[in-house]
Amino acid sequence: MLHVMLGGTFDPVHNGHLRMAVELHERLEGARIRLMPCHRPPHRDQPGAEGATRLGMLRDAVAEEPGLMVDSRELDQDRVSYTGETLQQLRSELGAETPLAMVVGTDAFNTFDQWRGWMQLPELAHIIVVNRPGFPLAPPELVAAMLQERRAAEAAELQRSASGSILVMELPLLEIAATEVRSRAVAGRSIRYLVPDAVWRTIRDQGLYRLETG
């Protein structure tokens, strides 16, 4: 079985994240999708909600979706989260022959050469590049060369080897951004139906993100 790492701050998890995860699960022949909230992202601002709160909302959100699971390993480590280190952990747990993949958006892939140890990542896992609205695929020269060398023609290729391929996928995504969810919460506007009801209730009842108004 293919294991797929879908990381992010999930601050908060919203229906766009979850719809993408379900699409990946279905299109990758029942792959196990691991939603993995990071503790301290190296290339982004610090999350607005505490790690335990983000983790709780994420677990509530996927509780009734058997194809999705939550992996808390990066939150369990009180330090900056680096993808290469996480993939090495997963690889040692799953074994050398188990197919493993990581997901990045086109926006992240366009700056992939800024990631720590980026050239070694395909040796640990396949890379799935998913379209992000407003960010056409336009990687820099070295990353483009890697894509040309490793590009998979179809999703089934990821099941036939443990790592090494890059698959570009066009998915029907919901155009929801966590920044918009947070700004609506700050302004007292409704976020209902942008996030699962369990997440909406947590944000409402705990008054999350309101400190951002300062």
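The radius of gyration used here is taken over C-alpha atoms, and the rule for a globule is 2.2 Å times the number of residues to the power 0.38. The model is predicted, so local features need pLDDT of at least 70 and side-chain atom pairs count only at pLDDT 80 or more, while totals for chains, interfaces and linings use all residues. Residues are numbered from 1 along each chain as its sequence is written, and side-chain values use heavy atoms, with hydrogens and water left out.

**Exercise 1. Overall form**

Task: Decide how the radius of gyration of the protein stands against the globule rule, and describe the box that its C-alpha atoms fill.

Solution: Begin with the rule, which for 214 residues puts a compact globule near 17 Å; the protein has 17 Å, which agrees. Next, take the principal axes, along which the C-alpha atoms fill a box of roughly 50 × 35 × 35 Å. Then turn to the secondary structure, where helices (H or I, at least four residues) and strands (E, at least two) are DSSP runs numbered from the N terminus; the protein has nine helices and six strands. Finally, with contact meaning heavy atoms within 4.5 Å, residues 24 or more positions apart account for 74% of the contacts with a separation of 6 or more.

**Exercise 2. A salt bridge between distant parts of the chain**

Task: Find where Asp71 and Arg34 lie in the chain, and state whether each is buried or exposed.

Solution: A salt bridge is a side-chain nitrogen of Lys or Arg within 4 Å of a carboxyl oxygen of Asp or Glu, and by this rule the protein has 14 of them. In one of these, the closest N and O atoms of Asp71 and Arg34 are 2.8 Å apart. Asp71 sits in the loop between β3 (68–70) and α3 (73–76), whereas Arg34 belongs to strand β2 (residues 32–37), so the pair, 37 residues apart, links distant parts of the chain. For the second step, buried means under 20% relative accessible area, exposed over 50%, and partly exposed in between (1.4 Å probe, protein chains only). Asp71 counts as buried because its relative accessibility is 7%, and Arg34 is buried as well, at 10%. To complete the picture, Arg34, Asp71, Arg73 and Glu93 are linked in a network of salt bridges. Leaving aside residues up to four places away in sequence, Arg34 touches several others, including His3, Met69 and Leu90.

**Exercise 3. Partly exposed pairs**

Task: Classify the residues in the salt bridges of Glu85 with Arg79 and of Arg192 with Asp197.

Solution: The side chains of Glu85 and Arg79 meet at 2.7 Å, N to O. Glu85 has a relative accessible area of 26% and is therefore partly exposed, and Arg79, at 34%, is partly exposed too. In the other pair, the closest N and O atoms of Arg192 and Asp197 are 3.0 Å apart. Here Arg192 counts as partly exposed at 29%, as does Asp197 at 30%.

**Exercise 4. Backbone exceptions**

Task: Examine the peptide bond from Asp11 to Pro12 and the phi values of Phe10 and Glu29.

Solution: Recall that most residues other than glycine have a negative phi, and most peptide bonds are trans. The bond from Asp11 to Pro12 is cis, with omega near 0°, and Pro12 lies in the loop between β1 (3–8) and α1 (15–27). Phe10 lies in the loop between β1 and α1, has a positive phi near 50°, and is buried at 2% relative accessibility. Glu29, in the loop between α1 and β2, has a positive phi near 55°, but counts as exposed at 57%.
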